[in-house]
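Here is a short report on charged pairs and helix packing. Keep the model open while reading.

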Amino acid sequence: MVAVPISLLLIFTLLYFTFHSVKQAVLIFTAIPMSAIGGVFALLLRDMPFSISAGVGFIALFGVAVLNGIVLIGKFNQLEKEGMADVLERVTKGTLIRLRPVLMTATVASLGFLPMALSTSAGAEVQRPLATVVIGGLVTATLLTLFVLPLLYVIATKINLKRRGMIKTVSIALLIGIGGIASVQAQQRMTMEQAIEIGLKNNQGIKAKAMDIQAAAALRKTASELPQTAANFQFGNNEGFEYNDGLMISQVIPFPTVFGARKNLFKAQVKGYEWLKLVAENDLKSQIRTYYQQLEYLEHNAEVLARLDSIYVVFIKITELRYRTGDTKKIDISTAETKQGEIRLLYDQNEIWRKNAYESLKNLLQVTGDFSIASIGAYQPLAIDQVLDSSFATKHPQVQALYQEAHIIEQQKHVERAEGLPEFTLGYNNVSLVGPHSKNGVEKFYGRGKRFSYFDVGISIPISFGATKARVRSLDYQKQSAELAAQWQETQLQTDLSNAIRQYEQRVSQYRYFKEEALVNADELIQAALLGYRTGDISYVEYLFAVQTATDTQLNYLKSIQQVNESVSAIYSLINN
C-alpha cells in the first residue's frame, strides 16, 4: 500500500523531468497498466496469491515497461527534431528502428527471471511470485506497448486521418511498424549493400558466367594432348605360301612449342571469361542500385503525396464551411475536390511504379520471399566518397575485356605458328616371316614364334607456308580490331565519366537550392496560405496557387534527390564500384 504508490509517483516525476511534458509523461505511464495486465494473469495461471514478493515484482516490472516506452517516445521526438514533420512517418520508422531494442529488453529480462520462476529449492516461495509477475507482465507490456503507445502518440498529436492515402499509411504503420511483429519478422529489411550481395550470389546470369570460367579452366588439361595413336594389324600370305602377321604402331608428335602455346591460350581465355563476369557483375550492380533507389524515391514520394492529400482534405472542409456560411460558391468545393483527385491519381500512379520497381528488383535478386528496403531516417542524396580520375576508365572491366580479347588473339597466333612447324612420327613394327631363310650362309627355318621388329622415325615438313601466313595475318587484323575497340571504349568511358561528374555537380547544386531555399519557403507558404484562407484573407484561387506551388516544390525536391542518386549510380557503374 505504501511502496507501490511511491514507486509510481517517482516514476511519473522522473518521466516529467526527462521529457518536460505532462502529455508525454502520461503517454509513457500508460505502459504500467499494460504491463500489470500480464502480471495479474500470470499469477492467475500459476494459482499464486498477491504477496509481498509479487508486489516487488510489479515494481521491477513497471520500471522495465516504462523503459520501453521511453525508448519509443524518445525516438519519435528525435525524428521530429531531425525534421520529420509527418507524425505517421515518425511512428512508422521510429517503431521499426526501436523494435529490436524493445524486444531485446523484454527478452533479456524474461530469460534472467526464468530460473527463479521455475525454482523449487530453498527460497522458491519468494522467488516464484516475483519472477512470474515480471515474465508475464513483460509479455503483455511489450506487445501492448508496440500496439497502443504509438496509437496514443498519434491521437495526442491530433492527426487527421480522413483520406484514402493516409488510411493506407496508417495501416502500414499499424501492421508493420507497431503491432505486426510477425509481419516485420517475415519481411526481410534489406540495405542496398545487402541487395547487391544477394544479387551477385543468386542471379542466374552471373552463375552462367561463372560456369563459363569453369568450362574454360577445364580445357587447360588438353594443352598437352597428342594426336591419336595409330595401330594396324596385318595377316596374309604375302611372303611365299606361308601366312604371316604384323603389328604396326605409330604416333605423331607435334613440335614441342605447341604445348606451351596452347597452355598460354587456355590461360588467356580463362582470364577473358573472368573479365566478362566482372562486366556482368558491374551491370547487375548498376541495375540493382537503380531499382533500389527508385523504390526509395517512390516510397518517400508516396509519403509526400499523402501529406499533400491531407492538406486538401483540410482545404475542402474549410471550403464547405465557408460555403454553408455563404462566403464562397459551390464551384470552390468542386475545384478543391478536383485538385485532391489529381493528388490521389499521382499517388495511385506512384504505387504502380513502386510495385513495378519492386518486382524488377526481386527478379534481379532471384528471391522468392518478400522484403522491404531499409530506408531508415530522412531521405538524403548519396555522395561520392573517392577521388575520380581517368585511370578508372582504363581499369574498367569492359576495357580490360577488350584488351584481353586482343591478348587471346595474340596467343592464338602463337598456337597457329607452332602448329605450322614440322611434326615428328615415331613407329614400331613387329612381323613374322614363316619359312626357310639364309643367315650368314646358313639356311634355317623360321616359325611364327620367331618375330622380327624395327622402329620408324619420321618428320613431316609443311611444303606450303601460305595458308599459315594467311591465318596469322587474319589474326593480326583481328587483334588490331580488338585493340582499337578497347581504346575507343576507354575514351568513351572517360567522356561518359566526365559528363556524369558534371551532371552530378549540377544536380547536387539543384538539390541544395531546394533544400536550403525552396523547401523552407514551401512549408511557410502552405502554413500562411492555410491560415489566410481559414481567416478569409485570401481567396480560394490564391490558396490553390500557393498549395500548387508548394506541392511542385516538395515533389521536385524529392526528384532532385533521386536525380543525384541516379548520377552517383551512373558514376559507380563507370568506375566499376
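Asp 370 is partly exposed in this predicted model, with a relative accessibility of 43%. Its salt-bridge partner is Lys 362, and the closest N and O atoms are 3.3 Å apart. Lys 362 counts as buried, at 14% relative accessibility. The cut-off for buried is under 20% relative accessible area, so Lys 362 qualifies at 14%. Asp 370 falls between that cut-off and the 50% above which a residue is called exposed, so the label is partly exposed.

**Salt bridges**

The structure holds eleven salt bridges. Three of them are listed here with their N to O distances.

| Acidic residue | Basic residue | Closest N to O distance |
|---|---|---|
| Asp 370 | Lys 362 | 3.3 Å |
| Glu 410 | Lys 479 | 2.8 Å |
| Glu 566 | Arg 507 | 3.8 Å |

Take Glu 410 and Lys 479, whose side chains meet in a salt bridge at 2.8 Å, N to O. Glu 410 belongs to helix α14, residues 397-419, while Lys 479 belongs to helix α15, residues 466-535. The pair therefore ties together parts that are 69 residues apart in sequence. Glu 410 is buried, with a relative accessible area of 16%.

The next pair also involves α15. Glu 566 forms a salt bridge with Arg 507, with 3.8 Å between the closest N and O atoms. Glu 566 sits in helix α16, residues 540-574, and Arg 507 in helix α15, so this bridge ties together parts 59 residues apart in sequence. The two ends differ in exposure: Glu 566 is partly exposed at 33% relative accessibility, whereas Arg 507 is buried, with a relative accessible area of 14%.

Some bridges share partners. Glu 410, Lys 413, Asp 476 and Lys 479 are joined in this way into one network.

Arg 502 offers another reference point for Glu 566. These two residues are 64 residues apart in sequence, and their C-alpha atoms are 13 Å apart in space.

**Helix α9**

Which residues of helix α9 are buried? They are Met 192, Ala 195, Ile 196, Ile 198 and Gly 199, in a helix that spans residues 192-202. Viewed down the axis of α9, these buried residues fall within an arc of 165°, so they line one face of the helix. The other side of α9 carries exposed residues: Glu 193, Glu 197 and Lys 201. The background is regular helix geometry. An α-helix has 3.6 residues a turn, so residues three or four places apart point the same way.

**Helix packing**

Two packed helices are described by the angle between their axes and the distance between the axes.

Start with α9 and α11. Their axes are 10 Å apart, and they pack at an angle of about 140°. That makes α9 oblique to α11. Their crossing is right-handed.

Now turn to α11 and α12. Helix α11 covers residues 257-324 and helix α12 residues 330-365. They pack at an angle of about 165°, with axes 8 Å apart. An angle over 145 degrees counts as roughly antiparallel, so α11 and α12 are described that way. The crossing of α11 and α12 is left-handed. The residues of their contact divide into 25 nonpolar, seven polar and nine charged.

Key: Residues numbered from 1 in each chain as written. Predicted model: local features only at pLDDT ≥ 70, side-chain atom pairs only at ≥ 80, totals over all residues. Heavy atoms only, no water. Salt bridge = Lys/Arg side-chain N within 4 Å of Asp/Glu carboxyl O. Buried < 20%, exposed > 50% of the residue type's maximum accessible area, 1.4 Å probe, protein only. Helix = DSSP H or I, 4+ residues; strand = E, 2+ residues; numbered from the N terminus. Arc of directions from axis to C-beta. Axes fitted to C-alpha atoms, helices over the stretch in contact; angles between N-to-C directions. Parallel < 35°, antiparallel > 145°, perpendicular 65-115°, else oblique. Left-handed = near helix turned anticlockwise from the far one by under 90°. Nonpolar A, V, L, I, M, F, W, Y, C, P; charged D, E, K, R; others polar.
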